[in-house]
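Let's take a walk through a protein structure together. Keep the 3D view open and turn it as you read.

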Amino acid sequence: MTMAFWLTHPDRDHTGGIFDLLDAAPLARLVTTYLGVGIMSTERPLPLDRVFLLNPGQSLDVGDRTLIGFRPPLFDNPATVGAFDSRTGVCFSSDCFGAPLATAELASADDVGEVPGNDLRAGQLLWATVDSPWIHMVDADRFLASLQPLREMAPSAILSTHLPPAIGRTEQLLDTISGAPMADPFVGPDQAALEQMLATFEPVATR
Ligand SMILES: [Fe+2]
Ligand SMILES: [Fe+2]
């Protein structure tokens, strides 16, 4: 296979262009899991002759490189499979390592180094607790052990869907998320908080 789209997981923020991409590249296959196919079918079924089912630990030869599937240590969807590019050492980590950032400029920066270190760490821990709330039920030592395969892959760069490129920062990122089990659980605003927010908004002039 020489052309493939890799669906890290079938959450809506990752699937919007899939059918257009499959139309635009009729020879390309869509790498996903059996579960990914099932979840996608709730919206619109994938053409089964275009998919390539790949589980964590399996790999795919795409001609000039091998893509190795792995389960990122944090994930929000059971179909999640990250990809490690054997040729460049680049790792696509799906949602893992994401962070809400203060401005659109920071979110679209060329390098995560543009984000102040403390803000990055706090943002990644917040993201971890929002996106993977199960982290608080996990044995901290077992979670730490789950970081080891990624550490051994030693990616040259980590491309998270929700973070600027992180080049040469694997240890830093792993160190940050190692604190996720002990971070404060996220609780979203409730109705009272929403009403308080709405009360502070300026009334809209009507004619
Ligand atoms: Fe997601
Ligand atoms: Fe996402």
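We'll start with the metal sites, then look at the sheet, the nonpolar cores and the cysteines. Keep in mind that this is a predicted model.

Let's begin with the iron ion (ligand 1). Which atoms hold on to it? Its coordination comes from His9 through NE2, and from Asp11, Asp76 and Asp95 through OD atoms, with Asp76 listed twice, at 2.0 to 2.6 Å. If you follow these donors along the chain, you get the spacing H-x1-D-x64-D-x18-D. Two of them, Asp76 and Asp95, link distant parts of the chain. Asp76 sits in the loop between β5 (66–70) and β6 (82–85), while Asp95 sits in the loop between β7 (90–92) and α4 (104–107), and the two are 19 residues apart. Their surroundings are worth a look too: Asp76 has a relative accessible area of 29%, so it counts as partly exposed. Asp95 has just 3%, so it counts as buried. The cut-off here is simple: buried means under 20% relative accessible area.

Now slide over to the iron ion (ligand 2). Its protein donors are Asp13 (OD), His14 (NE2), Asp95 (OD) and His162 (NE2), at 2.1 to 2.3 Å. Did you spot Asp95 again? Asp95 coordinates both iron ions, which are 3.4 Å apart. Along the chain, the donors of the iron ion (ligand 2) follow the pattern D-H-x80-D-x66-H. Here, too, a pair of donors ties together distant parts of the chain: His14 in helix α1 and Asp95 in the loop between β7 and α4 are 81 residues apart.

What about the geometry at the iron ion (ligand 2)? The angles among its four donor atoms run from 82 to 171°, and the site is irregular. To be tetrahedral, four donors would need all their angles between 85 and 135 degrees. For an idea of the ideal case, four tetrahedral donors would have angles of 109.5 degrees at the metal.

His14 deserves a closer look. It lies in helix α1, which covers residues 12–15. Is His14 buried or exposed? Its relative accessibility is 17%, so His14 counts as buried. Leaving out residues up to four places away in sequence, His14 touches Leu7, Thr8, His9, Asp95, Thr161 and His162. Among these neighbours, Asp95 and His162 are also donors to the iron ion (ligand 2), and His9 is a donor to the iron ion (ligand 1).

Next up is the sheet. It is an open one with six strands, in the order β4-β5-β6-β7-β8-β9, and its pairing is mixed. At the edges you'll find β4 (59–61) and β9 (166–167), each of which pairs on one side only. In general, strands of a sheet pair through backbone hydrogen bonds, in a parallel or an antiparallel way.

Zoom in on β6. On one side, β5 and β6 pair in the antiparallel sense over four bridges, and Leu67 has Asp85 in β6 as its bridge partner. β6 and β7 are antiparallel as well, over two bridges. There, Ala83 is partnered with Phe92, and Phe84 with Cys91. β6 and β7 form a hairpin with four residues between them, and Gly89 in the turn has a positive phi of about 75°. Which way do the residues of β6 point? Gly82 and Phe84 point one way, Ala83 and Asp85 the other way, and all of them are buried. That fits a general rule: side chains in a regular strand alternate between the two faces of the sheet.

Now for the nonpolar cores. The largest one has 24 residues, and Leu74, Phe97, Leu163 and Ile177 touch the most other members. Helices α5 (117–131) and α8 (170–177) each supply at least two residues of this core. There is also a second, separate core of 12 residues, including Ile18, Leu22, Ala28 and Val51. Leu74 touches Cys96, Ala128, Ser132, Trp134, Ile135, Phe143 and Ile177, not counting residues up to four places away in sequence.

Finally, the cysteines. How many disulfides does a search of the whole structure find? Zero. Take Cys91: the closest cysteine sulfur is that of Cys96, and because 8.2 Å separates them, they are too far apart for a bond. Both residues are tucked away, too: Cys91 is buried at 0% relative accessible area, and Cys96 is buried at 1%.

Note on methods
Residues numbered from 1 in each chain as written. Chains lettered and ligands numbered in written order. Predicted model: local features only at pLDDT ≥ 70, side-chain atom pairs only at ≥ 80, totals over all residues. Heavy atoms only, no water. Buried < 20%, exposed > 50% of the residue type's maximum accessible area, 1.4 Å probe, protein only. Contact = heavy atoms within 4.5 Å. Donors = N, O, S within 2.8 Å, 3.2 Å for Na, K, Ca; no water. Disulfide = S-S within 2.5 Å. Core = buried A, V, L, I, M, F, W, Y, C linked by side-chain atoms within 4.5 Å. Tetrahedral: all angles 85-135°; square planar, octahedral: opposite > 155°, others 65-115°. Pairing = 2+ DSSP bridges.
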